[in-house]
Amino acid sequence: MILTLIAISSFNLFADDIEIKDARIKPTLPGMSVTAIFMKITNNTKKDIRLTKVTGEFAPTFELHNMEMSEGKMVMRPVDSILIKSHSTTELKSGGLHVMVFDAPKPIQKTKVYGAKLTFDNKEEIFTPIQVKD
């Protein structure tokens, strides 16, 4: 029993402040250089944080975006940051918050794994692998 409690306590002490799960990117369509990245971001800290920037070697331009209803139509707009509330998970998904990738010089292929660096307003930077999925 005591060893179990110690193991649980140790896990909690060393849990990551920010966790990235299910990071995925859509393959680019033939002749296109634009795609989107989706993921789940969990904030295990006591303070709200914001994703402020995404970069990667596979494209020069990344933008944070949101899809929302405006006058009966779905409209995609850039946003300055994405809020991840304290002790919660924010999902970046199709039809909502997501990361747009522009001007990819090579097609995003299903057989590869890509990487991106996520920068947060608390100055934390996380490099995450991104799987290609339709």
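Which residue in strand β8 is the bridge partner of Ala 36? In this predicted model, the answer is Met 100, and that pairing is a convenient way into the surroundings of strand β2, which covers residues 35–43.

Strand β2 is mostly covered, since eight of its nine residues are buried, where buried means under 20% relative accessible area. Three other strands are joined to β2 by bridges, and the table sets out each pairing in turn.

| Strand paired with β2 | Residues | Bridges | Direction |
|---|---|---|---|
| β1 | 18–25 | six | antiparallel |
| β7 | 88–92 | five | antiparallel |
| β8 | 98–102 | three | antiparallel |

Individual residues show how these pairings look along the chain. On the side of β1, Glu 19 stands opposite Thr 42 of β2, while in β7 the bridge partner of Lys 40 is Glu 91. As a help in viewing such strands, it is worth remembering that in a regular strand the side chains alternate between the two faces of the sheet.

A separate feature to look for is the largest pocket, which holds about 160 Å³ of space. Which residues line the largest pocket? Its lining consists of Glu 57 and Phe 58, together with Pro 105, Lys 106, Pro 107, Ile 108, Gln 109, Lys 112, Val 113 and Tyr 114. By character, the lining residues divide into six that are nonpolar, one that is polar and three that are charged.

Methods. Residues numbered from 1 in each chain as written. Predicted model: local features only at pLDDT ≥ 70, side-chain atom pairs only at ≥ 80, totals over all residues. Heavy atoms only, no water. Buried < 20%, exposed > 50% of the residue type's maximum accessible area, 1.4 Å probe, protein only. Helix = DSSP H or I, 4+ residues; strand = E, 2+ residues; numbered from the N terminus. Pairing = 2+ DSSP bridges. 1 Å grid on protein atoms, 1.4 Å probe; cavity = no way out; pocket = protein on both sides within 12 Å on 5 of 7 lines; lining within 4 Å. Points joined across faces, edges and corners; volume = space filled by probe spheres on them. Nonpolar A, V, L, I, M, F, W, Y, C, P; charged D, E, K, R; others polar.
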